[in-house]
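Thank you all for coming. I would like to take a few minutes to go through charged pairs and aromatic pairs, and I will put the structure up now so that you can follow along.

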Amino acid sequence: MGSHIHGSSISFFIVFTLFLSLSSAALPRHPKPISPKSNSSAQIHSNSVLVALLDSHYTELAELVEKALLLQTLEQAVGQHNITIFAPRNEALERQLDPEFKRFLLEPGNLKSLQTLLMFHIIPKRIASDQWPKDSGSGRHRTLCKNEHLHLSSKESGNKAVDSAEVVRPDDVIRPDGLIHGIERVLIPRSVQEDFNRRRSLRSISAVIPEGAPEVDPRTHRLKKPAPAVPAGAPPVLPIYDALAPGPSLAPAPAPGPGGPRHHFDGESQVKDFIHTLLHYGGYNEMADILVNLTSLATEMGRLVSEGYVLTVLAPNDEAMAKLTTDQLSEPGAPEQIVYYHIIPEYQTEESMYNSVRRFGKVQYDTLRLPHRVVAQEADGSVKFGSGDSSAYLFDTDIYTDGRISVQGIDEVLFPVEELEKKATPVVKAALKPRRGKLMEIACSMLGTLGQLSSCQ
């Protein structure tokens, strides 16, 4: 009895060993795609096609998948079956896509449309390039979207296509649970296109715009038009004179603080840069000294540029500044007034100013010294400012030009015409005759009646 049991166990062991050897020989050397049952309960693997998509060069598509909150949905799809992803190139999503349509997809209220668009690029089936359908009859495949299908076809040239998009990188990424084909353009399902057209038409024909009650202008008795929105980096709406700090001859106005609503430009750094440029350029040390040490104009110019204003500085060289007298600089606020007259609230270069004076003859430029203006005209192939003996020529052109601040060197210090006329007009004091007193006049009149006029004369 015992020998019979022992013999049967030996025979069973031999049969089991043969079965294991045959089964191991029948296994393929290369791994096959993971079956749905083996991956249904496991977590996502590092060798998954989803991980490969997030780490691939299809960065725009991976970013949209994360924004659409589709990672969990795709993990479930990979756990049930292999998938095939048709990934558009980054250029197709960045430049070739309509900006208005892309803005529509990224709006929070259109998350469903974005999910539909992305899932339209995924087929719940593994289709490699060698499994591509040859005829058009078997090329229709269901996508992860409901009631949406993709048509796979082969062209006469041998290139493969998905609907109207050509496959440019077949079998670009291959993983056990799926693969990725690179396509040239974005595939847009009909439902998303209709939703986009519907939203666009509703936006254009909306009858009631949610705005406040209209305001009536009391002067014209007409409705006031709302002020247009100012985009970031646009020039300020208010004139530059309203943003100036109070000066000796300016009406008091609040200077823009460092925490203003704009500050799209770093004005302080730009002013420091152009002052350093003046010093390194040479010959304009006096102008830089006035801006930094004698006055606070450098700080004020930095604030103006930070608020979005542009400036052109007509900088007199050191030889011109040396001609200034003590009387011209000793008056209160005189250095500020001199520099204000040399700052134009526009961005002008040597080329733009020369073209203007050559075309129009004389051009008047506003200055920060209200209400005086500086006159420019063409002279000897250059630009001449002012008139008469107080005129100045462009000496060093485009010393500093950065798009916000322009510095042009001139060879004389400019003064308003009104000040020059006051200095040129001599003050004549009339010689007054000594007036006799009232009593003296009465006495002379009495003597005149008596014939004694000589004593009165």
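**Salt bridges and ring pairs**

Counting a side-chain nitrogen of Lys or Arg within 4 Å of a carboxyl oxygen of Asp or Glu as a salt bridge, we arrive at six salt bridges, and please keep in mind throughout that this is a predicted model. I will take three of them in turn.

Let me begin with Glu412 and Lys323, which form a salt bridge whose closest N and O atoms are 2.7 Å apart. Where do Glu412 and Lys323 lie? Glu412 sits in the loop between β16 (405-410) and α17 (417-424), while Lys323 belongs to the loop between α13 (318-321) and α14 (326-330), so this pair ties together parts that are 89 residues apart in sequence. As for accessibility, Lys323 is exposed, because its relative accessible area of 53% falls over the 50% cut-off, whereas Glu412, with a relative accessible area of 22%, is partly exposed.

The next pair is Asp366 with Arg373, a salt bridge in which the closest N and O atoms are 2.9 Å apart. Asp366 counts as partly exposed at 29% relative accessibility, and Arg373 is likewise partly exposed, with a relative accessible area of 45%.

In the third salt bridge I want to show, Asp172 joins Arg169, and the closest N and O atoms there are 3.1 Å apart. Here Asp172 is partly exposed, having a relative accessible area of 22%, and Arg169 is partly exposed too, at 43%.

Turning to the aromatic residues, the structure holds six aromatic pairs. One of these is formed by Phe274 and Tyr400, whose ring centres are 6.1 Å apart and whose planes stand at 45°, so the pair is tilted. Phe274 is part of helix α10 (residues 267-281) and Tyr400 is part of strand β15 (residues 392-401), so a helix and a strand are tied together here across 126 residues of sequence. Are these two residues buried or exposed? Phe274 is buried, with a relative accessible area of 0%, and Tyr400 is buried as well, at 9%, because in both cases the value is under the 20% cut-off.

Finally, I would point you to Phe101, Phe104 and Phe196, which ring pairs link into a cluster. I am happy to rotate the view to any of these places if you would like to look again.

Methods. Residues are numbered from 1 along each chain as its sequence is written. This is a predicted model: local features need pLDDT of at least 70, side-chain atom pairs count only at pLDDT 80 or more; totals for chains, interfaces and linings use all residues. Side-chain values use heavy atoms; hydrogens and water are left out. Buried means under 20% relative accessible area, exposed over 50%, partly exposed in between (1.4 Å probe, protein chains only). Helices (H or I, at least four residues) and strands (E, at least two) are DSSP runs, numbered from the N terminus. Rings of Phe, Tyr and Trp (its six-membered ring) pair if their centres lie within 6.5 Å; planes under 30 degrees apart count as stacked, over 60 as edge-to-face and the rest as tilted.
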